[in-house]
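Thanks for coming, everyone. Have the sequence and the model open, and follow along as I go.

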Amino acid sequence: MIDLNVSSCSDDVELILIEAPLLGPDLETALLALGAKVRIRAASEIGLESLRDARQAGVDAVVTINHSPELALLCSLAQLRYVSWTIDPVGHRRWAILGGTQPRSCHLLVHRKALVEPLLAMGYTNVRWLPLACTRRRFCTGDETGPRRGPIPLFVGSSLQDERRILTDACSRWGIAEALDAVDAMLGELAKACLWDRSFHGFARVPEAVPPSLKKILPKVEVPDLAEVLDAGLAWHFRRALVGIMARCGTEIKGDSGWQDLAGERWTGPLRNGQEMTERYASAAVNLDAPRLHQREIATLRAFDAMGSGGLFACETGTELDGLFRAGQQFLTWSDQQGLEELLDAAKHRDPQLDAIAHAGCEAVRRHHSLDDRARQILTCVRD
């Protein structure tokens, strides 16, 4: 086991960590291991008076998973440092700077590098890229002396149904439910065109691509709102098209029920986010990624978790992983359908070279991309 050298660096830092279902408990553990004092609070419990009382009691900062302009304002008014680490897609309205907020007291850490420059341009002064990471509990997978890869590739995905509902609910809310089939057809064709072409980055980043016909029938809907809804619908079509190819090549598909009609018997239900997931990542022939089209360049949590668990990981070429790991030596990539199919075929066979790549990726995650490392960086923001 690699020594992560988790030592106290908190200087008696005390902070409030807002409850978060995904990384919240693991981040709390990492912060405590570094010697920080952590108070867990639900967002509904936070108010101006409670924050002022917390400051008087010695609290230095509020830390939250995913940015909240309301919390940033409350912290400014209470004279507390505010630190957010955004790990999910967050709508453009969630980045507003509310009147009274002191941008210099806010530290925004974002999992997507493309967000840094726009947020700085908005007026935030402390913004930087902080990639996702692997929690320490993924590292304890039993015997790690030999290869554990089996013959079956694996894709684990969630939120597919959520993306679908964003589009369908918006069409109903805007009174254009009857246009859903036409919008779906347009998004489906665009997803196919973009499957191996990375030149289109989504409607939110290219708002001029929003169809004029939609803007005409929805004159009261702001273009950024319309673009985000279209991106959600496009992500649904894009991921289904890519995962469909994976399923036809013998990949096991795990996740919400939105995959069932697509993958058939290859869909085997959800995967619990605990030891079961860790073991499945480690034993898969290869772990595959299928990102949302409008943020397909990010280094996803799946990448860190799969590699940190000791599993072999593969994604399309040209992502932010290229700046964090060595492609071909610590993880695998594909650039077209032929490359994906060849990668899947090779991974199903015992190959010491692929086992070595999985091992190298695992070591790189544990040394440089653990949640302990990200907790250190969050504490640096708190003390800054």
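Just past helix 11, look at G310: phi is positive there, about 100 degrees. Bear in mind that this is a predicted model. Now step back into the helix itself. Helix 11 covers residues 301-308. How many of its residues are buried? Eight of eight, so the helix is mostly covered. The list runs L301, R302, A303, F304, D305, A306, M307 and G308. Note that R302 and D305 are on that buried list.

Two of those residues lead us elsewhere. Start with G308. Its C-alpha atom sits 8.7 Å from that of H369, and 61 residues of chain separate the pair. Then F304: H369 is in contact with it.

So, H369. Where does it lie? In the loop between helix 13 and helix 14. Buried or exposed? Buried, at 7% relative accessibility. Beyond four places in sequence, its contacts are A133, C134, F304, L324, F325, A364 and R374. One of these has a polar component. The H369 side chain meets the R374 side chain in a polar contact at 3.0 Å.

Next, helix 14, residues 371-383. Helix 1, residues 24-33, packs on helix 14. The angle is about 70 degrees, and the axes are 9 Å apart. That angle makes the two helices roughly perpendicular. Which residues make the contact? From helix 1, take D26, L27, A30 and L31. From helix 14, take L371, D372, A375, I378 and L379. By class, that contact has seven nonpolar residues, two charged and no polar ones.

On to the cores. The largest nonpolar core has 53 residues. Which members touch the most others? M246 and L288. Several elements feed this core with at least two residues each: helices 5, 6, 8, 12 and 13, plus strand 11. Helix 8 gives the largest share, with twelve residues.

Stay on L288 for a moment. Away from its sequence neighbours, L288 contacts L154, F155, M246, T251, R302, A314, W334, L340, L343 and L344. Pick out two names there. M246 is the other residue with the most core partners. R302 is one of the buried residues of helix 11.

There is a second, separate core, of 48 residues. Among its members are A30, V63, F139 and L371. Two of those we have met: A30 and L371 are both in the contact of helix 1 with helix 14.

Back to helix 8, which spans 223-248. H237 lies in this helix. Its relative accessible area is 16%, and H237 therefore counts as buried. Leaving out residues up to four places away, H237 touches R164, D184, L187, G188 and A191.

Now strand 3, residues 61-65. T64 is in this strand. T64 is buried, with a relative accessible area of 5%. Where does its side chain reach? To the backbone oxygen of N66, at 3.5 Å. Farther along the chain, T64 is in contact with I18, L71, Y82, V83, S84 and W85.

That takes us to N66, in the loop between strand 3 and helix 3. Its phi is near 75 degrees, and N66 is not a glycine. As background, most residues other than glycine have a negative phi. Q79 also has a positive phi, about 60 degrees, without being a glycine. Where is Q79? In the loop between helix 3 and strand 4. Now compare their surroundings. N66 is buried, at 13% relative accessible area. Q79 is exposed, at 59%. One positive phi is on a buried residue, the other on an exposed one.

Last stop: helix 4, residues 116-122. L119 sits in this helix. Buried or exposed? Buried, at 2% relative accessibility. Sequence neighbours aside, L119 contacts W95, L108, V110, Y124 and V127. And one distance to finish on: the C-alpha atoms of L119 and I97 are 10.0 Å apart, with the two residues 22 positions apart along the chain.

Conventions:
Residues numbered from 1 in each chain as written. Predicted model: local features only at pLDDT ≥ 70, side-chain atom pairs only at ≥ 80, totals over all residues. Heavy atoms only, no water. Axes fitted to C-alpha atoms, helices over the stretch in contact; angles between N-to-C directions. Helix = DSSP H or I, 4+ residues; strand = E, 2+ residues; numbered from the N terminus. Parallel < 35°, antiparallel > 145°, perpendicular 65-115°, else oblique. Contact = heavy atoms within 4.5 Å. Nonpolar A, V, L, I, M, F, W, Y, C, P; charged D, E, K, R; others polar. Buried < 20%, exposed > 50% of the residue type's maximum accessible area, 1.4 Å probe, protein only. Polar contact = N/O pair within 3.5 Å; in protein donor to acceptor, adjacent residues only side chain to side chain. Core = buried A, V, L, I, M, F, W, Y, C linked by side-chain atoms within 4.5 Å.
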